[in-house]
Amino acid sequence: MTAAALPLPRGGSAHHLTGTGALIRLALRRDRVLIPVWVLVVAAAVSGVERSLENLYGTGAERAKLAADMNANGSLRALYGAVFGDSYGALTTWRIGGYAALLAGLMSLLIVIRHSREEEETGRQEALSAAMVGRRAPLTSALATAALADALLLVSCTAILLGAGQPAAGSLAFGLAVALSGLMFGAVAAVAAQLTENARLAKGIAGAVLGAAFVLRASGDAAREAASAGSHPMVWVSPLGWAENVRPFAGDRWWVLLLPVGLIAGCVALAYTLAGRRDLGAGFVRPRPGPAHAPASLAGAYGLAWRLQRGTLLAWAVGFAFAGAVFGGIADGAQDIVGDNTGTRDLIRRMGGHVALTDAFLSTLVGMLGLICVVFTAGSVLRLRDEETNGRAEPLLANTVGRLCWAGGHLVIAYAGPVLILAAGGLAMGLSYGITVGDVSGELPRILLAALAQLPAVWVLTGLAVLVVGALPRLSAAVWGLVGSVIALGWLGPVLELPQAVLDVSPFGHLPKLPGADVTATPYVWLLALALALPVAGLSTLRGRDLD
């Protein structure tokens with residue numbers, strides 16, 4: 001769809017929204033793959049968790065014991081939230097509700113910024129505005145696209161729980177809590193898009209708000225008394241805590257939904273006000289001028305790549321250190337958490353690949369760190385495409401910087417960054433678990449090595465991302481589909497008891513289950529060879545094609 005295809009305004013106060021419908025159709029066309037993938041991943045997670053709970057805890061006594069054990073463990077409350085009931089629906093809400101709300105928020109903020117600030121930053125919005133698009137039409141279309149995506153989440157989550165035989169009221173409450181959480185952070189992103197001139201910084205601001213909401217919720221649940229029926233004040237401060245306090249299948253507190261509705265209304269009103277008081281492409285937070293003389297660390301393509309990605313890398317390393325410390329703190333309680341439930345034991349052993357329950361649990365947690373790390377490395381590689389499409393690569397390549405040198409700067413971060421991130425997670429996890437069991441010198445090295453052993457699989461996904469960016473640049477968004485598929489296989493494959501042939505599609509399926517498993521060189525040799533061949537092929541095609 002071109003700018004000329006958009007309608008012209010006809011006058012009157014409604015002219016500020018002229019062209020909104022066309023922009024929504026354009027946004028939906030651009031996100032015709034991205035939105036369904038997000039929705040399917042969240043829906044599959046909800047379905048998989050509900051089914052696994054029915055298979056693992058067949059009696060009311062088993063479910064009641066699980067709820068009591070979870071509420072008695074502060075680390076698990078921080079990770080998943082408090083349990084407010086022992087029905088299958090309430091346990092499903094506890095296990096996946098918080099993460100579904102988190103994923104919905106991430107999806108929505110990315111959609112809103114992509115179709116608002118990113119359009120201005122790349123200059124596409126200026127071309128569309130030449131067709132007399134209304135002043136508030138771009139923001140309205142971005143919010144409407146996010147709202148449609150969240151509506152799909154609402155319908156799919158509600159339908160899945162209804163299809164599983166859960167009560168209609170609780171199913172609808174769950175779907176609304178997830179969808180409104182997503183729309184909340186879409187509205188926050190709309191405000192962030194007005195504040196800054198840079199889409200990456202806008203994502204950082206909105207993402208920081210989302211991360212702070214998660215930390216507040218986790219801290220409040222960890223501090224909550226196990227026997228308390230109420231929520232900690234920090235949970236009420238967190239927007240993600242509101243989704244928890246709706247309590248689907250455990251009272252269905254509909255009035256709590258007024259809190260996200262109020263925040264959405266306030267943020268949308270603020271975003272519209274700010275949008276009407278700035279010029280196209282401008283922001284209220286002006287970029288700071290750089291120093292008169294560039295530091296030596298900025299010299300060359302590698303220094304520039306480091307400058308562009310160091311903040312993201314540091315944030316990921318800190319986040320993994322925090323997650324590793326939490327994981328290490330709960331690992332020693334695996335025996336108490338599982339109790340006598342044979343189904344849960346079998347599930348953890350399928351995921352962790354061990355007979356020894358604690359080692360299987362540790363292996364599962366380390367594998368989660370490896371899977372999540374793929375998100376960082378994919379984003380780091382896609383920064384190449386971002387620099388290309390935004391026109392920032394062309395001035396560099398017009399000088400003496402070659403394409404391989406330019407790409408190499410970003411790829412050094414993409415390949416070396418996971419080493420730092422996984423090391424931070426492994427060190428924190430090993431230290432936390434070692435302190436818990438009183439054997440730091442013995443447990444820290446083996447857990448650290450287990451975390452670093454995830455690198456070959458992470459690098460294979462990195463190489464695939466390089467190949468897509470180099471050979472199929474217009475399909476670069478498909479990299480997130482690959483990442484989502486690998487994460488879904490790793491998390492849901494054992495729960496759904498998928499065949500090993502399906503699980504082996506993921507490079508993580510070929511890694512030994514460390515710590516505790518016997519290590520052979522064969523899988524590492526093949527994975528490292530693939531991790532080397534894929535980027536070589538990608539860089540070769542990048543060198544020979546035209547830049548967009």
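Modeller: A helix here is a DSSP run of H or I, at least four residues long, and helices are numbered from the N terminus. The model is predicted.

Biologist: Which helix holds both Glu387 and Arg383?
Modeller: These two residues form a salt bridge, with their closest N and O atoms 3.2 Å apart. They are 4 residues apart in sequence, about one turn of the helix. An α-helix has 3.6 residues a turn, so residues three or four places apart point the same way. The helix that holds both Glu387 and Arg383 is H17.

Biologist: Are Glu387 and Arg383 buried or exposed?
Modeller: The cut-off for buried is under 20% relative accessible area, and for exposed it is over 50%. By that rule, both Glu387 and Arg383 are buried.

Biologist: How many residues does helix H17 give to the largest nonpolar core?
Modeller: That core has 128 residues. Helix H17 covers residues 357-389 and gives the most to this core. Its share is 14 residues.

Biologist: Which residues have the most contacts inside the largest nonpolar core?
Modeller: Three residues lead among the 128 in this core. They are Phe174, Met429 and Phe508.

Biologist: Which residue of the loop between H12 and H13 has a phi near 65°, and also touches Phe174?
Modeller: Leaving aside neighbours within four places in sequence, Phe174 is in contact with residues including Val46, Thr93, Ile96 and Phe249. One of these contacts lies in the loop between helix H12 (239-245) and helix H13 (258-275). Its phi is positive, in a residue other than glycine. The residue is Phe249.

Biologist: What is the relative accessibility of Asp252?
Modeller: Asp252 is found in the loop between H12 and H13. Its phi is near 45°, a positive value in a residue other than glycine. Asp252 counts as buried because its relative accessibility is 17%.

Biologist: Where is the kink in H5 centred?
Modeller: H5 is mostly covered, with 20 of its 27 residues buried. It bends by about 50°. Phe174 is in contact with the residue at the centre of this kink. That residue is Ile96.

Biologist: How far apart are the end C-alpha atoms of H5?
Modeller: H5 runs over residues 88-114. At 1.5 Å a residue, its 27 residues should span 39 Å. The distance in the model agrees with that: the end C-alpha atoms are separated by 37 Å.

Biologist: Which side chain makes a polar contact with the side chain of Glu119?
Modeller: Glu119 is found in helix H6, residues 117-122. It counts as buried because its relative accessibility is 5%. At 2.9 Å, its polar partner is the side chain of Arg30.

Biologist: What is the N to O distance in the salt bridge between Glu120 and Arg117?
Modeller: Both residues lie in helix H6, 3 residues apart, about one turn of the helix. Glu120 is buried at 15% relative accessible area, and Arg117 is buried at 1%. Side chains of opposite charge can pair when their charged atoms come close. Here the N to O distance is 3.6 Å.

Biologist: Which residues does Asn198 contact, leaving aside neighbours within four places in sequence?
Modeller: Asn198 lies in the loop between helix H9 (168-195) and helix H10 (199-223). It is partly exposed, with a relative accessible area of 29%. Its contacts are Arg117 and Glu121.

Biologist: How far apart in space are Asn198 and Val285, C-alpha to C-alpha?
Modeller: In sequence the two are 87 residues apart. In space their C-alpha separation is 9.8 Å.

Biologist: In the salt bridge between Arg446 and Glu443, which residue counts as partly exposed?
Modeller: The two side chains meet at 2.7 Å, N to O. Being 3 residues apart in helix H20 (residues 440-452), they are separated by about one helical turn. Glu443 is buried, with a relative accessible area of 12%. At 27% relative accessibility, the partly exposed residue is Arg446.

Biologist: Which residues do shared salt-bridge partners join into one network?
Modeller: The model has 8 salt bridges by the 4 Å rule. Some of them share partners. The network consists of Arg383, Asp386 and Glu387.

Biologist: Which residue is joined to Pro515 by a cis peptide bond?
Modeller: Pro515 sits in the loop between helix H23 (500-503) and helix H24 (521-544). Omega of the cis bond is about 5°. The residue joined to Pro515 is Leu514.

Technical notes. Residues are numbered from 1 along each chain as its sequence is written. This is a predicted model: local features need pLDDT of at least 70, side-chain atom pairs count only at pLDDT 80 or more; totals for chains, interfaces and linings use all residues. Side-chain values use heavy atoms; hydrogens and water are left out. A nonpolar core is a set of buried Ala, Val, Leu, Ile, Met, Phe, Trp, Tyr and Cys residues joined through side-chain atoms within 4.5 Å. Buried means under 20% relative accessible area, exposed over 50%, partly exposed in between (1.4 Å probe, protein chains only). Helices (H or I, at least four residues) and strands (E, at least two) are DSSP runs, numbered from the N terminus. Contact means heavy atoms within 4.5 Å. The expected span of a helix is 1.5 Å times one less than its number of residues. The bend at a residue is the angle between axes fitted to the seven residues ending there and the seven starting there. A polar contact is a pair of N or O atoms within 3.5 Å; within protein, one must be able to donate a hydrogen and the other to accept it, and residues adjacent in sequence count only if both atoms are side-chain atoms.
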